[in-house]
Structure formats: C-alpha cells, structure tokens
Amino acid sequence: NIGANGVSVGCTMSISDDVAIISNSASLTILSGGTINVSQQVRVGPTNNDGDNFTLNVNNGGTLTVASDFEFNVGAGAGSGADNFTMNNAGTTTINGTININSVTNAAFSNSGTLTLAGSMTAAPAANPATFANNANATFNLSGDIDNDVTLTFSAIGNTVNYASNGGAEIEDPIANTYYNLIVGGASNRSLRDNIILDGNL
C-alpha cells in the first residue's frame, strides 16, 4: 500500500502482489534508472473515499511495468474515491491489461515518453471526463479501444499513435480530429470514428 506523499524510487523494485493507493494527496515518482515491476494490478482508491489527488510520475529513464489492470475505485469503495488522478509519463510505462477508470472524475494522463496499453481504457464519466495527451515526440502504443468520453490530444509535433494489434475495433477520434504520426498495425481492420487530419506520417 502507498499511503505517503513524496515517495521516490531510484532502484529496481519488484512487487509480487497488487499495489494499492490508499491515501489522499499521495504521490509516487520513478526516477531515472528506477524500475517498478508490478506482477498484478495497480488499484487507486480501493476503499471508501481514498486515493483522491494521487500523482504518478515516471521520469525520463524510469520504467513502470504493470502485469495486469490499472484499476480505479475497486472494492468496497467503488464510485467514492480516486478523483483528480494525474499521471505524467516521461519514461517507459507498460500496462499489460486495461485501464478501468470506473467513473473517476478528472483523471489526467500525460505521455511524454513511451506508453504501451495492451488493453482498453474504459468507463470514463461523461461529466468531468478523463483526458489523455500524447505530447511532442511521445509514442502511445494501443492494442484496445478508448472510451468515447476520454478527451484525446494527439496533435503535438512528432508524437506517434500506434494501433499495435488486432485487439481494438476503431481508430479513435481526438481533439480537432488531428493526429501527427499514425501507425495502424495488426491483422484485423480498424474503422474510423470520423474523418481525421494527419499532420505527419501514416
């Protein structure tokens, strides 16, 4: 359980169980050269009214790998905590499952490094929706789909969105319908939700 503010990791840490964020206004920073490997889930707000205002930073040169899902509001406190989550990834983050937002308000994901999501991003609320920004020269590898109520920004110079496999059905609709670099891989077809504008390479 992470219940303190200002926890920083600069070494290699392997966790054989779930990681639970149980306190409000906690933060975790993975420093350059630091690695956290989680063999099960990351759970933000697993009990009543906890996990609000949590900030997760993966600095340039840091690595986070989650073997399963990234869950918000799971367990007894479903729907009552984990609001105002912020993730800033400037390193390498791999989530080998799904991000289940579970109606958390104001969840913000900012990628300036490489972020790989093997599943989908689900259950975002229509009010105070989640946001995901792929920043300049960042890479976002997505194998699933993203909930329609997540606001996406994919227009920054040099950023790449890679639909990496046949796990998803659609090419997402970002702000202003704009991508910079777009890669569509996998064996199956993906359909466009809307017309798109491409400022870089396809």
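User: Which residue stands opposite Val38 in strand 8?

Analyst: This is a predicted model. In it, Val38 faces Val66 across the pairing with strand 8. The two strands concerned, strand 5 and strand 8 (residues 63-66), run parallel and are joined over 4 bridges.

User: To which strand do 4 bridges join strand 2?

Analyst: Strand 2 (residues 12-15) is joined by 4 bridges to strand 5 (residues 35-38), and the two are parallel. One of the facing pairs places Thr12 opposite Thr35 of strand 5.

User: How should one think about the side chains along a strand?

Analyst: In a regular strand, side chains alternate between the two faces of the sheet.

User: What is the strand order in the open sheet of 5 strands?

Analyst: The order is 3-6-9-12-15, and the pairing is parallel. At the edges are strand 3 (19-21) and strand 15 (121-122), each of which pairs on one side only. Strand 3 is linked to strand 6 (residues 42-44) in the parallel sense over 3 bridges. Within this pairing, Ile21 stands opposite Val44 in strand 6.

User: Which residues make the nonpolar surface patch of about 290 Å²?

Analyst: Val184, Leu198 and Leu202 make this patch. Val184 belongs to strand 22 (residues 181-184).

User: Why can Val184 count towards a surface patch?

Analyst: A patch residue needs over 30% relative accessible area. Val184 meets this cut-off because its relative accessible area is 42%, which makes Val184 partly exposed.

How values were computed: Residues are numbered from 1 along each chain as its sequence is written. This is a predicted model: local features need pLDDT of at least 70, side-chain atom pairs count only at pLDDT 80 or more; totals for chains, interfaces and linings use all residues. Side-chain values use heavy atoms; hydrogens and water are left out. Two strands pair if DSSP finds at least two bridges between them. Patches are made of residues with over 30% relative accessible area and no salt bridge: like charges are joined within 9 Å, nonpolar side chains (Val, Leu, Ile, Met, Phe, Trp, Tyr) within 5 Å. Accessible areas come from the Shrake-Rupley method with a 1.4 Å probe; for residues, only the protein chains shown count as cover. A salt bridge is a side-chain nitrogen of Lys or Arg within 4 Å of a carboxyl oxygen of Asp or Glu. Buried means under 20% relative accessible area, exposed over 50%, partly exposed in between (1.4 Å probe, protein chains only).
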